[in-house]
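Thanks for sharing this one with me. Have the model open beside you as you read my notes.

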Amino acid sequence: MTSVIHSRTEDRALLPAARIVDEYEARDVSAHPLFVTLRENPVDLRAIWFLVANTHAGISPHFVRWLAHTIARIDDRRIASLMAKQLNDELGNGDSQRIHSILLDRFVNGLEAWRPRDAGGDLLRPGKRLGERSTALFEAADPYEAVGALIVAEIFAKQMDRCLGDEIRRQSAISEDALTWLTIHEVLEVDHAEDSGALAALVADQGSSLAATWRGAIAQWDALWEFLDGVAALALARKNS
């Protein structure tokens, strides 16, 4: 995988970072087999549990640290400012009851009735793997890998949250209070995805920072797609067993 990413980065290293936004905005997360299968069948809250619980496992323990670590290391304070805006959102804009990890805890708890009780193995394996792969990018020697990772992560999150919201709107069993995280994120991720364009515009059009940004973007998207593959393998296999 590393050699493939290296090859694809070399192919793009001369393209401006704005092309990252164009390329990944054109990709359709809703076309992933997980979301195709969910749309074609009655709402499956057990599968939704797998998706939300693994998102929680992969992102909540790490995201604040990823952003703060990158802000501290990045040499362009304009980039740091945009990331600080997202960090402030993540921490609830000064309201501890609106910290996103707390709201996501509430969402997972709201899905507790649909958590598989008789399943063996590690049900959170895809999320843990996503956390490991993303941490490697956000803590890479060149902080511009983290910039690239964040650019595509927000584009991905906007699309994934929309898919998740479409499924949630087909049911009425989950309380509105438990859905606060999703309600906020369906709006906020649109804003954060727009920030991705602003971040990309601040990356130099040549040199090592551009190559690192592409490297981070490509690797992060691969990690996120693998995450959906892993969730689908667990959720859909158990649905069909």
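Below are some numbered points on aromatic pairs and the nonpolar core.

1. A word on the model: it is predicted, so local features need pLDDT of at least 70 and side-chain atom pairs count only at pLDDT 80 or more, while totals for chains, interfaces and linings use all residues. Residues are numbered from 1 along each chain as its sequence is written, and side-chain values use heavy atoms, with hydrogens and water left out.

2. Let's start with rings. Six aromatic pairs turn up in a search of the whole structure; rings of Phe, Tyr and Trp (its six-membered ring) pair if their centres lie within 6.5 Å, and planes under 30 degrees apart count as stacked, over 60 as edge-to-face and the rest as tilted. Trp66 and Phe138 are stacked because their ring centres are 5.0 Å apart and their planes meet at 5°. Since Trp66 belongs to helix 5 and Phe138 to helix 8, this pair ties together parts 72 residues apart in sequence (helices are DSSP runs of H or I, at least four residues, numbered from the N terminus).

3. Are these two rings buried or exposed? Trp66 is buried at 3% relative accessibility, and Phe138 is buried at 2% (buried means under 20% relative accessible area, exposed over 50%, with a 1.4 Å probe and protein chains only).

4. Now look at Phe107 and Trp181, a tilted pair with 6.1 Å centre to centre and 40° between the planes. Both residues are buried.

5. Phe107 also appears in the largest nonpolar core, which has 75 residues; it is among those that touch the most other members, as is Leu51. Such a core joins buried Ala, Val, Leu, Ile, Met, Phe, Trp, Tyr and Cys residues through side-chain atoms within 4.5 Å.

Definitions and conventions
Helix = DSSP H or I, 4+ residues; strand = E, 2+ residues; numbered from the N terminus.
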